Each structure stands twice: as C-alpha cells, then as structure tokens.
Amino acid sequence: MKTSDSSLDRIQRALEGLLSTEEHDALKADVIRDADLRAVYVEQVWLHSTLRAQSESLVGLLDITEEASPIQAPAKPLRRWPIALWSAAAAACVTLAASFFMPGKGVSPLPQVATLIRAENCRWAGSDLPTALDSQLGTGKLALVEGIATLKFKSGATVTMEAPTTLEILTAMHCRLIEGTLTAEVPEPAHGFTIDTPDIQVVDLGTKFGVTAGSAGNSQVRVFEGEVEIGGLKDGKIKRLTEGKGLHVGSGNTLLGQEPTRGEAVQEAGGWTAIPTSFGRGKDGYARRGDNGAPMGTHPLIIVKHTDLAPGIKNERRAVITFDLSQIPTESVQEAQIVLDPEPSGFGFSALIPDESRFALYGVTDEKLDAWEEKQMTWATMPGCNDAGPDADKLRKLAEFWIPRGGSGGPLTVRGDELAKFIREDTNGFVSFVIVRETGETDPSGLAHAFAAKEHPTARAPLLRLK
Amino acid sequence: MAALPPDPADQTETYLRLLTQHDRWLAAYVYSLVASAADADDILQEVKVTLWKQFAKFEPDSNFRAWARKIATHQILNYRRSEKKRSVSSSLDETFIEAVAAELDQRADALDLKAEALNLCLRKLPEAHRKIVVWRYYEDCGIEEIAVKSERTVEAVYRLLSRIRQVLSECVNRQIAPAP
C-alpha cells in the first residue's frame, strides 16, 4: 500500500499529540474519507497501541544488551493512577532523567564516553582529559593546539577536531564546541548526536557534517551528507539543513569589535622593541570581495581567504595591518618580524583546503596609502590592491609563510631581510602590510584563516618586532 | 428448558481467564481509538467493569472479542459524548471512531499476527533505539521528557520515534509475509 511520507508524518505526529486540534480534525476527516489512509492509520495506531498495551514486557528489552547500560530503568510506576497523578508522573520522569546525567549524583560511576582513536601531529593545551592515543575519555574538556585528532564516542559517532579547537565532552550523545572546527560522522544508532556552539545547537539526523565556532561569536554548519537540525537560533525556530547546505550564524555572543585601549610599544630583552597595531595610530582590518557587512576595520579578527574557484564567488578576503613607527628610529633596524596570533575564524573547513596553505606578506610601497581608514576601507579601497590582487606598482612582496592544515600551533612569526629593509626605507612613520593567501581551496566552504586583530577581546594584536 | 443460573465462582474464573487472554488486545483496541493515554486508561477501566457487570449476558461459546469490542466501542462513544463537548467535532469524532473500529475489526487477524511478530522485531532494534522505546512506552514518558533524558530536541526525538516505529512496522510486515 502506498502512502505519502507526509501522510505518515501526520499520523505519527497525531500519535505523539503534536497536531493542533484543527490539524487533528483534518486528519480524522481524511481517515474517514480515504480508505487507503485509513488502512495506514490503523496499522500505525495499532503498533503504537500494542506497544503501550504490552509495556510491561518492554523492560526486558534492556536486558539483552551485551554491555551493561549505565542507565537502569527505574521501578515501573504503578499504572491506572487517578488522572491528577499523571502530571506528577511526568515530573518524576524528568527528575529521574536529570539525576542520571548529574555527575557525582549519578547512580553509576562517571562513564567512559569516548576513545581518542587518532591523533596526527597533535599538541594539546592543559586539558582535564587524557590525550594519549587510545585514551578512554569521560566528560571534560579537550583543547587541541596543533594537529588533527579523532574521537570515537560510545554512541558510534566519530568526531574529528582540527586545531585550534576546544571541545567539551558532555555525554556519548552530546558535546559542546567552545571554539574551533570539527567534523562529525554519525551512524544510525547515534542519530540525535548533538553539538552545541556558543550560538546554535546542531542535532544530527543521520549524516556527515562540519561545525565551526569562531572566537568572535559566529558559528557555521555545513552538511556533507544526510541531514541536520539546527536549534538554539535567536528566533526560536528549528531549521533543517540537507546535504550540501550550510548555515552561518553570527550571534556576536562574544564581545565584538571593541576599540582597544591604545597599547604601548614594548621594550623587550635582547634589544627588541615590539609594536602592536594598537600602538599610536596603528590599525588593522580586512576586506571581502562583495563587501558584505563592510567595512571590517574594527572587527576582532583579520581574515584571509583565497579561492581559484568561479570568479563570482565572493569569499576572497585580504587583510591590511599598519604600524605606527613615528616614535621609532627605523633607519637603524637590523632585524624585523611580524607576529600574528592565529584564531579560529568560524568560517569554513580545513578538510576543504589543501594540506598546507601559503600566504604572502606585501609591504605597501606607496606611502600615501598608509592613510587608509578602518571605518571606511572596503574591497575597492584596500591599499595597493585591485580586484585581481596586489598591484605591483604599490606593493612589494616581502615574505611568504605557510600554515599546515590543523593550525600552526601558536603565534606565527614572519621574518626576513626584505622585511627589515622595507622598514628602513620608511619615511613617514607608518608601515603597512597586506596579507593574502595564495593557496586556493577545493570547495567554497574551505577554511578562512584568521588572526587576532587589535579589537580581539583576549588574543594578542598583530605585532611588529624590531631590533 | 431454562438455563441454570451460572455458578458465580465458575463465572468469575471464566471471566478472568478470558480477560487475561485478551487483555493486551483489548488495551490496544481501546488505545487505538482514544488518542489521550490518560483517557484511554480511564475508558479501559470502565470497559472492564462493564464487561464484568454484563458477563452474565455473554454466551460462553461465542466470540469474546466480538462481544468485548462492541462494549468497548460503545463505552468509548459514551465517554466522548459525556465529555465537555466540542460541538464542531463530536460528530466527526463519532464517525471517526466508528470508521477506525470497523477497520480494526476487519484486520483483526492480521493485526494479531503483527502483535506477535512485534516482540521479535523489538529485539532487533539497536540498543539506543530500544532505550527510547522503553522510555516512551514502559516509563510512559512523553517526547518532551525523552528529549530531556536523551539530551535531544523535541523535534529530534519525534523524528527518532517515527523512524523507530517505521522500522518496527516494516520488520513486522516482513515477519508475517508468506515465505516466497
């Protein structure tokens, strides 16, 4: 017998009391009128009712598990209670459920919920969980600074973390992505596997998907296969994403774009002087082709991305940083370094870019261009750039650097004789640099690399170190 | 010749034997026709009382189920009528219950086979799904409570339950299909 999925869905919703009175009445009318629908209805309702009717025998189902379940069924509540007691029973259900998941109060010892099954080039930050390969993991936090690590949950779900990522394991069906990027593969028994980010809740409905959470309050989900459900959205709605679809949520849950108190140039040991972009009239920012939400000069991150894919794709991003050297005697500089703090952008997935990404650092040779304004700079007015890329008449390539997939592990230092020479040539007390990524991506959802800007609430602003 | 009045002790025993034999079927029948679990429990209780009161009228060799079905359907319709009436839909409700009851009667044998196959199919479910079934049907938790217990959203629990019932339904149909 042929019934549409939507008819089946209506019936199932009726069984769970999820239909409004009007919808339920409409279903009843259709069941009366349509013999085929009536047959399906009776089959479904009979199954549901038989399960209800023979509920006493169901508890035996839990005894056939090979593995001792940490959750014991509570004593069967007495049936045929007066109606007034039903709501009390429902409340009791909730209370019992809560106590099962309450660490320390639980009826069982803290369960092992996952195993660390793969760790490539991993470096971990101080973590309250073991990080050796094949470690059994309970609940707690994992902070991956470098590399790629894979966890296999007892529910069957597999989660791969790409550094830098901080993840909190809550249960075998639930974890919280505090910051960073992960991809998840969830087989059928683990459907419903849930990942929280600061902005949203991603519930698997049978799928492979990726989630990122940026340090600047944005989250992105991309479904590679199957389907996921997004909850926790501001409008209270639940969104469903199917294969190939993505969703980006910028909730700004993290402090956004505060102009920092202007920093000092710092004298360091060994004759080095460190100048952040927050010093004097320094500045930093980025622009994106298409200028969605521009200008981005006061954003907590500077984001760079490059794509060789279709030219219509608007996800090319370049950054500009300017240091105020007016207090510094530049002509005697011997060595120079630029230090950048990589931060998760919350945009895109490492899995969709090549193993290693090459970046270029350009010095802005046309000094008039040092006068760019953070609150006005757009894609078209980026110092020394045109739509196609850096303009050789106004910029000079000073250095290249590489970031492996899975992060560079901490601050990134760009150095070289060309850089020092460029500083010595300065005449107006400002030096500006353009940062571009030269490596493309295999998919428009490839990772957008990001570094902390001076507006970042916790990480360090771009730094020019001179000696 | 007039029938002898039945021996009360015998009658009690017969009633209990028949009721035990058909208890689950009767419950499933009433539950099928009444959406609310609490109402269904009350009605089922009433049906059993009525069956007992009228048991004297039951002819020992006739079909207990057909008799019980008639009483149960009648009881359900009475209950509906005595409820605070939603004037718009009470006639809809009656027609609906009668239509579904007729369908249940017509398919009674097939459904009995399915109820038997169901136990086998339940045991084939993955552990996580069996747990959901136990929560939903043994502990009488609604999907909201299950959402809390399993740390899923209500919608995800609904989807999962639908899928589990669908899997069970397909399994049951395979079980009772004649061998090829």
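Reader: In what sense do strand 18 (residues 356-364) of chain A and strand 23 (residues 430-437) of chain A pair, and what makes them count as a pair?

Author: In this predicted model, strand 18 and strand 23 of chain A pair in the antiparallel sense over five bridges. Two strands count as paired when at least two bridges are found between them, so the five bridges here satisfy that requirement. Within strand 23 of chain A, A:Val436 is the residue that stands opposite A:Ala360.

Reader: Which sheet has strands 18 and 23 of chain A in its order, and what makes two of its strands edge strands?

Author: They belong to an open sheet of five strands in chain A, whose order is 13-15-23-18-21 and whose pairing is antiparallel. The edge strands are strand 13 (283-288) and strand 21 (395-404) of chain A, each of which pairs on one side only. From one strand to the next, the twist averages 20°.

Reader: How do you know that strand 14 (residues 301-304) of chain A has both faces covered?

Author: On one side of strand 14 lie A:Leu301 and A:Ile303, on the other A:Ile302 and A:Val304, and all of these residues are buried. Strand 14 of chain A also pairs with strand 24 (residues 449-452) of chain A, in the antiparallel sense and over four bridges. There, A:Ala450 of strand 24 is the bridge partner of A:Ile303.

Reader: Why is A:Leu247 called buried?

Author: The relative accessible area of A:Leu247 is 14%, and because buried means under 20%, this residue is buried. A:Leu247 lies in strand 10 (residues 246-249) of chain A. Leaving aside residues up to four places away in sequence, A:Leu247 touches A:Ser219, A:Gln220, A:Val221, A:Ile230, A:Leu233, A:Lys239 and A:Leu241. A:Arg222 is 25 residues from A:Leu247 in sequence, while their C-alpha atoms are 6.5 Å apart in space.

Reader: Why is helix 2 of chain B called oblique to helix 3 of chain B?

Author: Helix 2 (residues 37-53) and helix 3 (residues 64-82) of chain B pack at an angle of about 130°, with their axes 9 Å apart. Roughly perpendicular covers 65 to 115 degrees and roughly antiparallel begins over 145, so an angle of about 130° falls under neither, and helix 2 of chain B is therefore oblique to helix 3 of chain B. The crossing of these two helices is right-handed. Among the residues that make the contact are B:Ile43 and B:Val47 of helix 2 of chain B, and B:Trp67 and B:Ile71 of helix 3 of chain B. The residues of this contact divide into ten nonpolar, two polar and three charged.

Definitions and conventions: Residues are numbered from 1 along each chain as its sequence is written. Chains are lettered from A and ligands numbered from 1 in the order in which they are written. This is a predicted model: local features need pLDDT of at least 70, side-chain atom pairs count only at pLDDT 80 or more; totals for chains, interfaces and linings use all residues. Side-chain values use heavy atoms; hydrogens and water are left out. Buried means under 20% relative accessible area, exposed over 50%, partly exposed in between (1.4 Å probe, protein chains only). Axes are lines fitted to C-alpha atoms, for helices over the stretch in contact, and angles run from 0 to 180 degrees between N-to-C directions. Angles under 35 degrees count as roughly parallel, over 145 as roughly antiparallel, 65 to 115 as roughly perpendicular and the rest as oblique. A crossing is left-handed if the near helix is turned anticlockwise from the far one by less than a right angle, and right-handed if clockwise. Contact means heavy atoms within 4.5 Å. Ala, Val, Leu, Ile, Met, Phe, Trp, Tyr, Cys and Pro count as nonpolar, Asp, Glu, Lys and Arg as charged, and the others, Gly among them, as polar.
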